[in-house]
Amino acid sequence: MFLDKKHICRHTGLNVNIVDSCASTFDEIGAYDAIIAMSQTNGRGRGDHTFFCPDGGLYIVMRVQGVYINAHTLTPAVALAVRDTIKAVLGLDTRIKWVNDIYYQGKKAVGILCKSVRKAEYLIGIGINYATPQKEFEKAGLGDIAISLEAPEKKATAFVTGLLNMIKRATIATFDSVRYGKLCINVGKDVEFLHDGMTVRGFAEKIDDDGSLIVRIGSATVAVDAGEVSIVHAVNPPKPD
């Protein structure tokens, strides 16, 4: 996939490095403001998870700095920026799965991982199934959960440029928890998550101003601010003959 490096650097004001492949963009960013790879051999997810990174994707790590950055809302704010860029440049409607995934047609198309490097400095990792052939996910046994945006290469430069600029703006803007909530597939659903070492189930009511998922459990509410939250899918009973 071709990316116009000069265009991206000129229109973002960032020092950007572009590579065909690497182990992990987190390890290769060095002193650059951002690095973009077309594939990775050791993509990172949250915790000890890996992220499948075949050819045709866009795997980006961007450095953001400033004492004004809110660490609590950084990940959901970036998710909104990614969603908005996909809509603006590619014309595709996507949704957000709390807190860091973008879903397209019911499957994961983007994963986001934000890491604190030092005080007031963060690395934002974004793995995008931009134009990866869907058969690659099928071969890897991920066809039921992962999907490609199947976006055109001719829009890739504009997409990356728009995304980096969107993220820059998102880090200094007030997090829009109401709009995030409207786009979040968890809100209004029964969910499960780990709480104090136990798996609990509740009803996801809304997104708080700090990006937490507010879940009602009986008469109480819990603010979930980290970890994996799964949607509980109702099982329909068989219809009588």
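Modeller: Residues count as buried when their relative accessible area is under 20%, as exposed when it is over 50%, and as partly exposed in between. The model discussed here is a predicted one.

Colleague: What makes strand S3 largely enclosed by the rest of the structure?

Modeller: Strand S3 covers residues 58–65, and seven of these eight residues are buried, so the strand is largely enclosed by its surroundings.

Colleague: How do you know which strands pair with S3?

Modeller: Two strands pair if at least two bridges are found between them. Strand S2 (residues 34–40) is joined to S3 by four bridges, and strand S7 (residues 121–128) is joined to S3 by eight. Both counts satisfy the criterion of at least two, so S2 and S7 are each partners of S3. S2 and S3 run antiparallel, as do S3 and S7. On the S2 side, alanine 34 is opposite methionine 62 of S3; on the S7 side, isoleucine 126 is opposite isoleucine 60.

Colleague: Where do these strands stand in their sheet, and what makes S1 and S4 its edges?

Modeller: The sheet is open and has seven strands in the order S1-S2-S3-S7-S6-S5-S4, with mixed pairing. Strand S1 (16–22) and strand S4 (95–97) each have a single partner strand, so one side of each lacks a neighbour in the sheet, and they stand at the edges. On average, neighbouring strands of this sheet are turned by 20° against each other, direction ignored.

Colleague: How do you know that S4 has a partner in S5?

Modeller: Three bridges link S4 to strand S5 (residues 101–104) in the antiparallel sense. As at least two are required, the two strands count as paired. Isoleucine 96 has isoleucine 102 of S5 as its bridge partner.

Colleague: Which helices pack on this sheet, and which strands do they touch?

Modeller: Helix H3 (residues 71–90) touches S4, S5, strand S6 (107–118) and S7, and its direction makes about 140° with that of S6. Helix H5 (residues 156–172) touches S1, S2, S3 and S7, with its direction at about 30° to that of S3.

Colleague: Why is arginine 83 called buried?

Modeller: Arginine 83 is found in helix H3. Its relative accessible area is 14%, and the limit for the term is under 20%, so arginine 83 qualifies as buried. Leaving aside neighbours within four places in sequence, arginine 83 is in contact with Asp93, Thr94, Ile102, Arg179 and Leu183.

Colleague: What makes leucine 123 buried?

Modeller: Leucine 123 lies in strand S7. Its relative accessibility is 10%, and with the cut-off at under 20% the residue therefore counts as buried. Beyond neighbours within four places in sequence, its contacts include Phe26, Ile29, Val61, Met62 and Leu113. Leucine 123 and valine 64 are 59 residues apart in sequence, yet 6.5 Å apart in space from C-alpha to C-alpha.

Colleague: Why is H1 called roughly parallel to H5?

Modeller: Helix H1 (residues 5–12) and H5 pack at an angle of about 25°, with their axes 9 Å apart. Angles under 35 degrees count as roughly parallel, so H1 and H5 receive that description. The crossing of H1 past H5 is right-handed. His7, Ile8, His11 and Thr12 of H1 make the contact, with residues of H5 including Thr157, Val160 and Leu164.

Colleague: What makes S11 and S12 the edge strands of their sheet?

Modeller: That open sheet has five strands in the order S11-S10-S9-S8-S12, with antiparallel pairing. Strand S11 (220–224) and strand S12 (229–231) each pair on one side only, and hence are its edges. The twist from one strand to the next averages 40°. Strand S10 (residues 213–217) and S11 pair over five bridges in the antiparallel sense, with isoleucine 217 opposite alanine 220 of S11.

Colleague: How do you know that cysteine 9 is in no disulfide?

Modeller: A search of the whole structure finds zero disulfides. The nearest cysteine sulfur to that of cysteine 9 belongs to cysteine 22, 17 Å away. A disulfide requires the sulfur atoms to be within 2.5 Å, so this pair does not meet the criterion.

Colleague: Are these two cysteines buried, partly exposed or exposed, and why?

Modeller: Cysteine 9, at 22%, is partly exposed, because its value falls between the 20% and 50% limits. Cysteine 22, at 9%, is under 20% and therefore buried.

Notes: Residues numbered from 1 in each chain as written. Predicted model: local features only at pLDDT ≥ 70, side-chain atom pairs only at ≥ 80, totals over all residues. Heavy atoms only, no water. Buried < 20%, exposed > 50% of the residue type's maximum accessible area, 1.4 Å probe, protein only. Axes fitted to C-alpha atoms, helices over the stretch in contact; angles between N-to-C directions. Contact = heavy atoms within 4.5 Å. Parallel < 35°, antiparallel > 145°, perpendicular 65-115°, else oblique. Left-handed = near helix turned anticlockwise from the far one by under 90°.
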